[in-house]
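Student: Got a minute to go through this model with me? I'd like to start with the helix packing.

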Amino acid sequence: ARQARDEDRIDIEEALARALDEGEVYRTYNLVDALAIIADPNSTELLVQVYEHSPYSRTRTEVLKALQANGNEVGARLGEESLWDCESETRDLGISISQRSNRVLLRVREIAENRFEEDLTQQTARRWLEERGELQTK
């Protein structure tokens, strides 16, 4: 995946679609990583399908990284959804790419105040709130 080049995109997308259909979670994960390196917005639709249908939670993290790399705004929508993900890294990325809304603000506050949350994710939430003038001190 680390040697992926622009000219490989279509082949990688075809392989990714097959891997997703066949339930090959680790191959799916690695192919998403390759698309993140290529960072082509034309891969967005497939990446969203992978996010929505892959049973492997770590794949959602890689999809968000790929969408962030290709600059597509659909990542912000998935970022918001990711604020409730089981993977702390996915929640962390979700905080970083989510657009501000009341729903996002409430969830990011919950994360920032949750003493059981991962330290890095909690720090990201507090920084997000602070940058928006929303950090409440007790």
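**Helix 5 and its surroundings**

Tutor: Helix 5 (residues 74–82) is largely enclosed by the rest of the structure, because seven of its nine residues are buried. Bear in mind that this is a predicted model.

Student: Which residues of helix 5 are the buried ones?

Tutor: Val74, Gly75, Ala76, Leu78, Gly79, Glu80 and Ser82.

Student: And what covers the buried residues of helix 5?

Tutor: The cover includes helix 3 and helix 4. It also includes helix 6 (88–97) and helix 7 (102–113).

Student: Let's step back. How many helices and strands are there in the protein?

Tutor: Eight helices and zero strands. From the N terminus on, the order is α-α-α-α-α-α-α-α.

Student: How does the radius of gyration compare with the globule rule?

Tutor: The radius of gyration is 16 Å, and the globule rule gives 14 Å for 138 residues. Those values are close, so the protein is as compact as a globular protein of that length.

Student: What box do the C-alpha atoms fill?

Tutor: Roughly 55 × 25 × 25 Å, taken along the principal axes.

Student: What percentage of the 138 residues is buried?

Tutor: Buried residues make up 49% of them. As for contacts with a separation of 6 or more, 56% join residues 24 or more positions apart.

Student: Now the core. Which residues in the largest nonpolar core touch the most other members?

Tutor: Ile12, Leu16, Val32, Leu47, Val50 and Val63. That core holds 25 residues.

Student: Which elements give two or more residues to this core?

Tutor: Helix 1 (9–22), helix 2, helix 3, helix 4, helix 5 and helix 6. The largest share is from helix 2, with six residues.

Student: What does leucine 47 touch, beyond its sequence neighbours?

Tutor: Leaving out residues up to four places away, Leu47 touches Val32, Leu35, Val63, Ala66, Leu67 and Asn70.

Student: Which residues in helix 3 are buried?

Tutor: Leu47 is one of them. The others are Thr44, Leu46, Val48, Val50 and Tyr51. Their cover includes helix 1, helix 2, helix 4 and helix 5.

Student: Back to Asn70. Buried or exposed?

Tutor: Asparagine 70 lies in helix 4 (residues 57–70). Its relative accessibility is 9%, and the cut-off for buried is under 20%, so asparagine 70 counts as buried.

Student: What is asparagine 70 in contact with?

Tutor: Ala39, Asp40, Pro41, Thr44 and Leu47, leaving aside neighbours within four places in sequence.

Student: Ala39 is on that list. Where is alanine 39?

Tutor: In the loop between helix 2 (25–38) and helix 3 (44–53). Alanine 39 has a phi near 55°, a positive value in a residue other than glycine. Its relative accessible area is 25%, so alanine 39 is partly exposed.

Student: Switching to the surface. What area does the protein expose?

Tutor: About 7,800 Å², and carbon and sulfur atoms supply 42% of it.

Student: How many positive and negative side chains are there?

Tutor: The protein has 19 positive and 29 negative side chains. The centres of the two sets lie 6 Å apart.

Notes. Residues numbered from 1 in each chain as written. Predicted model: local features only at pLDDT ≥ 70, side-chain atom pairs only at ≥ 80, totals over all residues. Heavy atoms only, no water. Helix = DSSP H or I, 4+ residues; strand = E, 2+ residues; numbered from the N terminus. Rg over C-alpha atoms; globule rule 2.2 N^0.38 Å. Buried < 20%, exposed > 50% of the residue type's maximum accessible area, 1.4 Å probe, protein only. Contact = heavy atoms within 4.5 Å. Areas by Shrake-Rupley, 256 points an atom, 1.4 Å probe, with all protein chains shown as cover. Lys, Arg positive; Asp, Glu negative; His and termini not counted. Charge placed at Lys NZ, Arg CZ, Asp CG, Glu CD. Core = buried A, V, L, I, M, F, W, Y, C linked by side-chain atoms within 4.5 Å.
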